[in-house]
Amino acid sequence: MQMSFSQLGISHEIGVIAGPVAYQSDFGVRSDLETNAGNSGFGIGIVHYINFAYRADCNCYTTKKYFNDHFKLRSEVSWNKTKLEHLGEWADGNSEEANKLRSHTGEAQNWDVGMQLEYFPTSLRAFSSGLYSFAPFLSLGAHYVSYSPKVYTSYVSSDPMNPNDVGNIEDPNNFYSAWEPGSVSDQSDTTWSIVGSVGTRYKLSILSDLMIDLRFQYFFSDWTDGLNHQLPSNKANDWLVWLNFGYIYYLD
């Protein structure tokens, strides 16, 4: 297998990534700075690259074709976790509904497996030889996601005539009354996502790079945060923005 890979002009890189995540979900107010800053978490991952510009069997560059010199194939296994709460105008104040929102918290936790094709506008051969210190890139791909949300409520009814079942996420009286019953769920499931990013590499040494990229990931599900209410404000599925910092090592 190694010989056949080498004949195809393939070498390998491996690395680690980590960084902050901003989760855009049904918690809080969309496009609100307080919500975006408050509902943030952290992610880590392991990445593998197929490098088409270099041949491991002869320690030489491949035939100079445009694809070989400008594209890499990235595969990834990653994990991210974000604690969620309702922030913004609807959760402010002393009303019963605002109290229900503040009492409702959650957690989004995702495992990702997938691939992205990265495009480098500048020459990868030139970057590998040290002609450039930076190699900017764009990427697009798909990830399979296993999500495991958590849902909590600490709401206590202030009406002695209508007590609630404190902490029970199956009791719709514990949540915002405009939501339909069944709008919250802590069930784990899987979905697909589209992943795109923009970033750059920095040549640290002949066999290692530093990397930074800003990722946008859109899920094909609105349940990754454990909340899917049917109000008109719920206009999109869940998505996230992830700022990654990474270290990449050239194996071959």
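Start by selecting strand S2 (residues 40-51) and strand S5 (residues 71-85): 11 bridges join them, and they run antiparallel. Strands here are DSSP runs of E with at least two residues, helices are runs of H or I with at least four, and both are numbered from the N terminus. Two strands pair if DSSP finds at least two bridges between them. For one rung of this ladder, click Ile 50; its bridge partner in S5 is Leu 73.

Before going on, know that you are looking at a predicted model: local features need pLDDT of at least 70, side-chain atom pairs count only at pLDDT 80 or more, and totals for chains, interfaces and linings use all residues. Residues are numbered from 1 along each chain as its sequence is written, and side-chain values use heavy atoms, with hydrogens and water left out.

**Next door: S1**

Keep S2 on screen and add strand S1 (11-24). S1 and S2 also run antiparallel, with 12 bridges joining them. Pick Pro 20 and look across to S2, where its bridge partner is Phe 42. As you look along strands, remember that in a regular strand the side chains alternate between the two faces of the sheet.

**Zoom out and colour by confidence**

Show the whole protein chain: it has five helices and 11 strands. Now colour by pLDDT, the predictor's confidence in each residue, from 0 to 100. The chain's mean is 88, and 89% of its residues reach 70 or more. Which element has the lowest mean pLDDT, and which the highest? Helix H1 (residues 2-7) is lowest at 39, while strand S7 (residues 134-147) is highest at 98. Over residues 1-7 the pLDDT is below 50, and beyond near neighbours in sequence this stretch has six contacts in the model. A contact means heavy atoms within 4.5 Å.

Contacts also tell you how the chain folds back on itself: of those with a separation of 6 or more, 75% are between residues 24 or more positions apart. Buried residues make up 46% of the 252 in the chain. Buried means under 20% relative accessible area, exposed means over 50%, and partly exposed lies in between (1.4 Å probe, protein chains only).

**Charged pairs between S5 and S10**

Hide everything except S5 and strand S10 (residues 208-219). You're hunting for salt bridges: a side-chain nitrogen of Lys or Arg within 4 Å of a carboxyl oxygen of Asp or Glu. By this rule the count comes to 11.

- Select Asp 213 and Arg 74, whose side chains meet in a salt bridge (3.4 Å, N to O). Asp 213 is in S10 and Arg 74 in S5, 139 residues apart. Are these two buried or exposed? Both are buried.
- Select Arg 215 and Glu 76, with their closest N and O atoms 2.6 Å apart. This pair also links S10 to S5 across 139 residues. Arg 215 is buried, with a relative accessible area of 1%, and Glu 76 is buried too, at 3%.

**Over to S6, S8 and H4**

Now select Glu 107 and Lys 150, a salt bridge with its closest N and O atoms 3.8 Å apart. Glu 107 sits in strand S6 and Lys 150 in strand S8, 43 residues apart. Glu 107 is buried at 6%, whereas Lys 150 is partly exposed at 37%.

Stay here and add helix H4 (residues 96-103), where Ala 98, Lys 100, Leu 101 and Ser 103 are buried. What do the buried residues of H4 pack against? Their partners are strand S6 (104-119) and strand S8 (150-153).

**A charged network**

Select Glu 13, Lys 72, Arg 201, Lys 203 and Asp 209: salt bridges that share partners join them into one network. Arg 201 belongs to strand S9 and is buried, with a relative accessible area of 0%. Try a distance label from Arg 201 to Phe 127: they are 74 residues apart in sequence and 9.4 Å apart in space, C-alpha to C-alpha.

**Last stop: the surface**

Switch on the surface. The chain exposes about 12,600 Å², and carbon and sulfur atoms supply 61% of it. These accessible areas come from the Shrake-Rupley method with a 1.4 Å probe; for residues, only the protein chains shown count as cover.

Finally, colour the nonpolar patch of about 1,100 Å², whose members include Ile 14, Phe 134, Tyr 202 and Leu 251. Such patches are made of residues with over 30% relative accessible area and no salt bridge; nonpolar side chains (Val, Leu, Ile, Met, Phe, Trp, Tyr) are joined within 5 Å, and like charges within 9 Å. Strands S1, S9 (189-205) and S11 (239-250) each give two or more residues to the patch. Phe 134 is in S7.
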